[in-house]
Every structure is written in structure tokens, then in C-alpha cells.
Amino acid sequence: MENRDVPPGPYRATKLWNEITTSFRVGMPLRKHRQHFKKYGNCFTAGEAVDWLYDLLRTNSNFGPEVTRQQTIQLLRKFLKNHVIEDIKGKWGTENLDDNSQLFRFPTSSPLKTLPRRHPELRKNSVENFSKDKDSIFKLRNLSRRTPKKHGLHFSQENAEKISYEIIDEDQENLAENREISQKDVEEVWRYVILIYLQTVLGVSSLEEVINPKQVIPQYIMYNMTNTSKHGVVILQDKSDDLPHWVLSAMKCLANWPRSNDMNNPTYIGFERDVFRTIADYFLDLPEPLLTFEYYELFVNILGLLQPHLERVAIDALQLCCLLLPPPNRRKLQLLMRMISRMSQNVDMPQLHDAMGTRSLMIHTFSRSVLRCAEEVDLDELLAARLVSFLMDHQQEILQVPSYLQAAVEKHLDYLRKGHIKNPGDGVIAPLPTYSYCKQISPQEFDEQKVSTSQAAIAELLENIIKNKSLPLKEKRRKLKQFQKEYPLIYQKRFPTSESEAALFGDKPTIKQPMLFLRKPKFRSLRY
């Protein structure tokens, strides 16, 4: 079944949950099963569900081929806990599901989750506060607005806005009036510039629903940009925030295996597994993920750019977002990604798990340490695995310092120092693109849009069933009958009359006339 791309926006994890549960409910084949000398109709075994859902997740661009069968079982357990499915006796609410022949069925209730809604006053306050700060920092006097020229900052998104600058003529520079720039001005410029670039890369009209501008701490960005080693790794001045020495030694040992395994290290069988377990225990015991709880929505939204044709966009977006992290978190993320990337590519690395390869083990072990929500989300594990897989493959680019950002900030500060131009007709535009927000709507409009969006997704699933030419006619009839039972209004809208429904399958096949039945004559015995 074709998957739909969930666009960037708030509560993307919930939207993905609704998409997967709807696809599973409509597409999962149902048939009769016998258990304990009794027949049950319209049901499926746990093993059949694992097979079908595993294929769906691996071909879905939101999750990808890194999904394991065990992760699929975990998701089905969450389906059972959240009453997306129930056992054949109607029991649910637990996670008692294994890859076996246990029978399950779909309940009559809808599995869709409602999207939370932020309070209108909170939305209004966050917008107003940032607008006031922006106006006080970036207001330039007597500047005329002109269309800026294109500049050599390249993003792979075709219609991405190019943030550009016009160079001030030397004669005009001499006429410009200088002003002093405070530390607060510098910090606000950093915040403003990175938000503008992030909005441009993502190609969204507003960032307000995925990140609060007040969550962006300029001091973190400035530190992450300037306090780095020659390899781009953050250097911490306060060593108490750094990784413990024994963890650093263990990570260095596995990252450089077997070169770092000198004669001073133990050589017993299973030594490398013990070292890996030590590192894993440290990261799993951290109080919050390396990408922090507050940036969860931001990184989950970037997961929707993780597709082959948008790979460059995803790299640029993650590069900017990782600069927002507290310096200790960024340093730990850099060292962890470098280690697991090297280990997964090291052909000399001994087997660290009896059932999993090194790459799968790295993703399965550390995904929760990198990304998770403060409140447990049902798709956390799958979303985190998808992100960690991409970070592993592109960690060198994503976690390096972008030079263009420093140049953009310096250009902003230069315009602020100049103040204004004495000849307004020849004025030069300062590079201050408009930071816009979505129009606020009423609760009633929100509910109407929520219903229409869900119905559109379900209607699209119906079209997928109708247009699927590889589906046998009998199976298509069964699926359409099931869809009509689950969503009668949407089905009636698609097939308003019985004629329109009959046209889908063409004329009914003519019934063959019964063959002439000749009654066998009874032969009587010749004997009297």
C-alpha cells in the first residue's frame, strides 16, 4: 500500500501514529481461522500481523528499511495496549503479544488519536513576545526596501529563499553613521539568523508550531560555533560536564579497534562486549536524551525530510538544529556518532551480539539515548531509530560548524553598526527577511480542519484499494466491504449509487446453465 508523506507541523508523531494505524486497519488481510476446534471469522494471527506490518514499515519513507522485526512486534504490542487491536475474546490493554499463532481482530472503535491543541493565549503570547523583541533589535532607521540579490548560499531545495546581501559602496560607507552594538544585540542577531535559515531550509511558512523562539539560547550557538577542536568537536571549559574519563577511554578503544587494543588492555574472550556494555549503560542512564526533550518536535519534523530526493535539505536542517543543543550534549552526540559510525563500518570488529549485526545493534542500543519524548510516545523507538541511522551515515557533515552562518551574523552586525543611509533613494536593504506566523484560527475551525484532514487520508486509502490492479477481485471485494462497514459515510460519498459500485467490477459473469442431468437407469437382475 502506498504511504503518504506527513508534512512538517505540530504533533507529527501523533499524525504518523494515525497514518500507520489507519493503513494497518484497512490493509491487513482478514480470514477465517480455527482454534481449539472452533472457527473465528475476520481475524488474523500475531505472526501474520508481524509479517504485514513489518513490510509496511520498511517501505514507508517515514521509517525506512532499518526497522527490525522486533521493533514491529513492539509496535503491535502498543496497538494492543491502545485498543487498535484486541484478542479474539475482546481483551486488550496489555502488551501480551508475541510472534505466534495467537488470534486477534479489529475492534469496532476508531484507533485514531486526537491532536492536542495549544491554548490560544499561549500561542498569542509567544508570538507577541518574539515580535516585540525582534522589532526592538532589528529596526533600522530610514532604510528603503529593495529586492536583494542572490548570494552563494546553496540549499538543495529548489524554491528555497536565498538570504542575500548587497554590498555597501565605499563612498556610502564613509557616510554611514556608526552605532555601538551591545552583547544583547549580538545574541539576538544569532538567534534571529539561525531561525531564519532554519525556516528557509525547511521551506515552512512558520516555525512557531515546532519550536518556541525563546527556546533558542544564543550563548549555546555561539559556544558551539567557536569552542571546537580541529576536528570540529566541542571543547568544554567546565570539565565536570564532560564524559567521565573511563567512558572516553572505552569509546576510544572501540572506535579505533583493534589499533587501540594494546598490550596494556585485557585480551580475554568477550572483552569488547564488556567495554560496549559499559558505554551503553552510561548513555542509557542519562536523565534526558542528547537532543533534549524540548527539541523533540523539531527533530521529529525533520524526520519527514529524510528521503533520497531531500537528503541535502535534511543534512542542512540537522546541522542547524544540532547547534541549538547545550554544548555538553553536542559534544556527547559528536563523540557517540563518531564511535558508532566507525564501529558499524569496521570489518575487524568482533561480533558484539549473537543475533544482531553491529549496525543494527548500534541503532537499537543508542536510539533512545538520542531522541525520545518527555511523555512516552508510541512511535518513539521507530522515529529515534530512523534519525540515528541517518546521523550515523552523515555525522561528519551534520556535526561540523557551518561557515556561512558566521558570515551571515557578521553581515547583520555590520548593518546594525552602520545605522542608516543619508541618501534614502540609494538606500541598501538590511538582510532581514520577514519572520511570519500562521494565522490563528478558532477552536471550531481547528476541529473542522482536523476532521477534514483525517477524512481525506482515509479517502485516499480507499482510492488505493480501488486502483490496486494486483489485488485479486475477490480480495478487493472483501476489503471494500470491510471499508464500507468501518467508514460508511466516506464509502457512500465515493459510491453514491449501486450502479457506480457495480461499474467498478464490470458486468457480473453470466451464470452457466446446469448441464443436462441424466438419471441412471436401474438395472434389474436377469434372474427371476
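**Figure 1. Salt bridges across the predicted model.** The structure holds 17 salt bridges, a salt bridge being a side-chain nitrogen of Lys or Arg within 4 Å of a carboxyl oxygen of Asp or Glu. In general, side chains of opposite charge can pair when their charged atoms come close. This is a predicted model, in which local features need pLDDT of at least 70 and side-chain atom pairs count only at pLDDT 80 or more, while totals for chains, interfaces and linings use all residues. Residues are numbered from 1 along each chain as its sequence is written, and side-chain values use heavy atoms, with hydrogens and water left out.

**Figure 2. Glu66 and Arg359 in a salt bridge.** Here the two side chains meet at 3.0 Å, N to O. Glu66 sits in the loop between α2 (46–59) and α3 (69–81) and Arg359 in helix α13 (residues 358–370), so this pair ties together parts that are 293 residues apart in sequence. Helices (H or I, at least four residues) and strands (E, at least two) are DSSP runs, numbered from the N terminus. Glu66 is partly exposed, with a relative accessible area of 23%, and Arg359 is also partly exposed, at 24%. For these terms, buried means under 20% relative accessible area, exposed over 50%, and partly exposed in between (1.4 Å probe, protein chains only).

**Figure 3. Asp98 and Arg77 in a salt bridge.** The N to O distance for this pair is 2.8 Å. Asp98 belongs to the loop between β3 (86–87) and β4 (103–105) and Arg77 to helix α3, so the salt bridge ties together parts that are 21 residues apart in sequence. Is each partner buried or exposed? Asp98 counts as partly exposed at 36% relative accessibility, whereas Arg77, at 16%, counts as buried.

**Figure 4. Asp274 and Arg277 within helix α9.** Both residues lie in this helix (residues 271–284), 3 residues apart, or about one turn. Their side chains form a salt bridge of 3.0 Å, N to O. Asp274 is partly exposed at 32% relative accessibility, as is Arg277 at 44%.

**Figure 5. Confidence along the chain.** The mean pLDDT (the predictor's confidence in each residue, from 0 to 100) is 77 for the chain, and 73% of the residues score at least 70. Among the elements, helix α12 (residues 327–345) has the highest mean, 96, and helix α4 (residues 120–138) the lowest, 43. Over residues 119–176 the pLDDT is below 50. Where pLDDT is low, the predicted coordinates should not be read in detail.

Notes:
Contact means heavy atoms within 4.5 Å.
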